[in-house]
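Here are some exercises to work through with the structure open beside you. Try each task yourself before you read the solution under it.

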Amino acid sequence: MAQKIIKSDCILCINSCGIDAYVKDGKLVKVEGMKEHPISEGALCPRGEALPEWVYSKGRLQHPMQKVDGKWERISWDDALDTIAEKLQEIKDKYGARGLAVYTGSLGTENIELAAYAQRFRGVYGTPNLLSVEGNCFRSRIMARQMTFGGYPIEEPWNSKCVIVYGQNMDNSRITVGSKIYKAMDDGTLEHLIIIDPKRIPMAEKGIHLQLRPGTDTALTLGFLNVIIGEDLYDKEFVEKSCMGFNRLKEHVKQYTPETIEEITWVPADDIRKVARLFAQNTPASLVPGTCSIDQHINGFQGNRIHAIMQAVTGNINIPGGWVSIPFIRLGDMRVTEISDPIGTKEHPLFRRFWGRTSPYGQQMLFADAVLKEEPYPIKGLICTGGNPALTLPDSERIKEAMRALDFMVVSELFMTETAELADIVLPACSFLEKSGVGYVYGVTNCIPYAMLRKKVIEPIGESRPDWKIWTGIANRMGYQEHFPWKTEEEVIDFFLKPSGLTREQLDTEHPEGMYYAEKQYKPGKFYTPSGKIELYSETLAENGYDPIPKHVEPSKSPVSTPELFKKYPVILSTGARVPEYTHSQFRGVPSLKKMAPEPLAEIHPDTAGKYGISDGDMMTIETTKGQIEIKALTTEALHPGIVSIPHGWAKANSNVLTELEPRDPVTGYTEMKALLCRVAKA
Ligand SMILES: Nc1nc2c(c(=O)[nH]1)N[C@H]1C(S)=C(S)[C@@H](COP(=O)(O)OP(=O)(O)OC[C@H]3O[C@@H](n4cnc5c(=O)[nH]c(N)nc54)[C@H](O)[C@@H]3O)O[C@H]1N2
Ligand SMILES: Nc1nc2c(c(=O)[nH]1)N[C@H]1C(S)=C(S)[C@@H](COP(=O)(O)OP(=O)(O)OC[C@H]3O[C@@H](n4cnc5c(=O)[nH]c(N)nc54)[C@H](O)[C@@H]3O)O[C@H]1N2
Ligand code: SF4
Ligand SMILES: [Mo]
């Protein structure tokens, strides 16, 4: 049979690259980057290239399994779904619907359908407790921008003259935007690039590098604003017309002189002045914050907010190369009813709702307490889909303890992950290559209003099923057919596409490469905040007891906030810097990737390593107040001395043995994963 090329998109990280999938005799033989795709423009990372290896991995789950006396036994789909329906009903009868939690991992963010089915199921079942990676990633930025602008404008740095990147190593984590930045520098559009990162990442070679102390980004930006406002470099006309609270901001930032900020951040005062002036004097300009490296701090929400404020006072809103509000695609709505408030609402009310806008999620950091301490009430069941929280949530040991204590746990997965191992029933899900769906996340993460049909490339492996079918199977057995009426994949896609104005036929045959669903417009626009203006000062935050204008807050453990502890744990620890070979805990079983990156490596400056008798390639221990791991040292002069940086997602040398579950950011409840304290030694 001849070879076919099927156009689709990869959802194994937020980049959502377009792919050309080569299929021969029903088998995926090769994947290439799709040149006509406006997001990735033909780029593909090593994981994308390894998709054929990944999809046919030896470890793929082939059929449903049930744990009997601690051992896995193969069961039929009917038996699995019957048992699940029965157990879920038992939980509901005994503890009420809220006794069940539904968790969607990163695949639920990248793959809208997956989170959408989970949302519908929880609605019909009646539990408020939908939990997601958004409890520690990305929603902080959405909230901060919404609270400032009343909407969610997004950066498009490839059209900017000046760009400041905060804590994002795009060569590893965001190739789609990274390659556009390099191109804009080459063609002269982008004249000034500033990288703010404790590590001299490759992109820093192209511009100015500010090597700050982890956890002090908000202070640094307050320092920029001190200069921009103090030297009258802000956009007066824009501020007057569109912003409220400027005078209070002006007073507030006076205290953050470059000299004060140098002491907090390690960044020289003259560099702070220089970068502030460059940003204000080179319009259009854009701040580009890291995806989670800014969020996962005690002050993460305020860090996201101060970026919005700096973007606004320099007038870089809704102009090409600034932050731009784009129309989001409207897709079929999976909500079914108003649902009561999930765990975490009392502690972090704005994370759940403000101005009548409600987020679907509870705060996952409180899940273990609900299970183990029955606070605020018992959670006894868990459905986990598209994530591996036993490894990726902070304080893995406590998360696993909570999972073991559940009455019943189901995991839908491609592989027997650390999380799946703890389940009572594991359901084999098929990968995105084995089912069709709607590719759409480009707008939200890439500022490009584009959509395509994510086409089925091969038949499902073994007995694996697409997620929609798995949810429908459980729902139908519980009497929820009315809300899960779909019989085929086509019906599901039609449901999603209906409000969008696009049709399946259009995306399938006319535009298999995808199409723009709307035009990007650079209009001054309306700001849907209570004041109708951009809120530099937020009454909403003030009313809820938070800082209406961001201030510098030290990490909960740091040389400054806990000097005594710092004597015992004298090295700053950052976790989770991305590597090109892996997404979170995935792909560890793919031979070609394993060959490229066989083991986790702790990056550390040679002087810092030397101080503790550690040489490059030595096994070393890293210990926090929470736990200890052993990991191989990779010495590098690129990282600022006094810091150690480790990856996440590894079962051996699991970084989440070292992290804490305590919600730290008062607004969002996010925990700290980037600026911790540890001690290191030769193992
Ligand atoms: N210490 C530390 N921990 C971190 C971070 C950090 O920086 N430091 N980062 C955090 C962040 S930002 C995030 S987003 C989380 C991510 O955490 P997770 O979402 O738990 O990460 P993954 O390992 O990507 O898990 C996705 C799982 O979905 C499965 N899967 C793939 N495709 C499908 C499908 O189509 N259907 C189903 N049902 N399953 C599928 C994969 O096999 C995989 O096991 O990790 C967080 N954890
Ligand atoms: N290859 C790959 N790509 C991914 C993922 C993946 O797992 N693998 N995951 C996706 C997901 S869900 C997410 S959330 C994103 C994460 O993406 P980002 O949060 O943008 O993280 P990275 O690009 O890894 O960049 C982290 C950088 O931040 C620096 N850093 C550490 N602490 C601080 C700090 O306090 N301040 C500043 N300014 N810098 C700091 C580190 O030195 C490192 O260079 O990546 C996405 N893309
Ligand atoms: S960067 Fe790699 S894993 Fe992420 S979407 Fe693109 S090809 Fe897939
Ligand atoms: Mo993330």
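**Exercise 1. Ligand 2**

Find the polar contacts that ligand 2 makes with D197, R47 and N169, then describe the shell around this ligand.

*Solution.* Start at D197: an N or O atom of its side chain is 2.7 Å from an oxygen atom of ligand 2. Please keep in mind that this is a predicted model, so each distance here is computed from predicted coordinates.

Next, go to R47, where a side-chain N or O atom sits 2.9 Å from a nitrogen atom of ligand 2. The contact at N169 uses the backbone instead: a polar backbone atom of N169 is 2.9 Å from an oxygen atom of the ligand. On its own, ligand 2 has 930 Å² of accessible area, and the protein covers 97% of it.

Now widen the view to the whole shell. Ligand 2 is surrounded by 31 residues, and the closest are S173, D197, D217, C292 and Y582. Sorted by class, the shell has 13 nonpolar, 13 polar and 5 charged residues. Finally, look at the domains: domain 3 (153–324) and domain 4 (563–682) each give at least three residues to this shell.

**Exercise 2. Ligand 1**

Which side chains offer an N or O atom to an oxygen atom of ligand 1, and at what distances?

*Solution.* Take E413 to begin with: an N or O atom of its side chain is 2.4 Å from an oxygen atom of ligand 1. S585 follows, with a polar side-chain atom 2.5 Å from an oxygen atom of the ligand. Then comes K674, whose side chain has an N or O atom 2.9 Å from an oxygen atom of ligand 1.

The next step is coverage. Ligand 1 has 920 Å² of accessible area on its own, of which the protein covers 97%. The elements that contribute two or more residues to its shell are α17 (389–392) and β18 (408–413).

To finish, count the shell. There are 34 residues around ligand 1, and those that come nearest are S106, N388, T392, E413 and S585. By class they divide into 11 nonpolar, 18 polar and 5 charged. Domain 2 (65–127 + 329–429 + 477–485) and domain 4 (563–682) each supply at least three residues.

**Exercise 3. Ligand 3**

List the residues that surround ligand 3 and sort them by class.

*Solution.* Walk along the chain and you meet C10, L12, C13, N15, S16, C17, L44, C45, R47, G48 and I175 around ligand 3. Sorting them gives 7 nonpolar, 3 polar and 1 charged. You have met R47 before, as its side chain also makes a polar contact with a nitrogen atom of ligand 2.

**Exercise 4. Salt bridges**

The structure holds 43 salt bridges. Locate those of D369, D494 and K254, and say how accessible these residues are.

*Solution.* D369 pairs with R398, with the closest N and O atoms 2.7 Å apart. This pair connects distant parts of the chain, since D369 is in helix α16 (residues 367–372) and R398 is in helix α18 (residues 396–405), 29 residues apart. With 22% relative accessibility, D369 is partly exposed; R398 is also partly exposed, at 22%.

D494 pairs with R504, and here the closest N and O atoms are 2.8 Å apart. Because D494 lies in helix α21 (residues 489–497) and R504 in helix α22 (residues 504–510), the pair ties together parts 10 residues apart in sequence. D494 has a relative accessible area of 31% and is partly exposed.

K254 bridges to E251, with closest N and O atoms 2.8 Å apart. At 47% relative accessibility, K254 is partly exposed, because the exposed class begins over 50%.

As a last step, find the network of salt bridges that links R141, R145, E155 and R174.

**Exercise 5. A serine in a loop**

Is S500 buried or exposed, and which backbone atoms does its side chain contact?

*Solution.* S500 is in the loop between α21 and α22. Its relative accessibility is 18%, so S500 counts as buried, the limit being under 20%. A polar atom of the S500 side chain lies 2.5 Å from the backbone oxygen of L497. On the other hand, the backbone nitrogen of L502 is 3.0 Å from a polar atom of that side chain.

Key:
Residues numbered from 1 in each chain as written. Chains lettered and ligands numbered in written order. Predicted model: local features only at pLDDT ≥ 70, side-chain atom pairs only at ≥ 80, totals over all residues. Heavy atoms only, no water. Near = heavy atom within 4 Å. Polar contact = N/O pair within 3.5 Å; in protein donor to acceptor, adjacent residues only side chain to side chain. Areas by Shrake-Rupley, 256 points an atom, 1.4 Å probe, with all protein chains shown as cover. Helix = DSSP H or I, 4+ residues; strand = E, 2+ residues; numbered from the N terminus. Nonpolar A, V, L, I, M, F, W, Y, C, P; charged D, E, K, R; others polar. Domains from an automatic or database assignment. Salt bridge = Lys/Arg side-chain N within 4 Å of Asp/Glu carboxyl O. Buried < 20%, exposed > 50% of the residue type's maximum accessible area, 1.4 Å probe, protein only.
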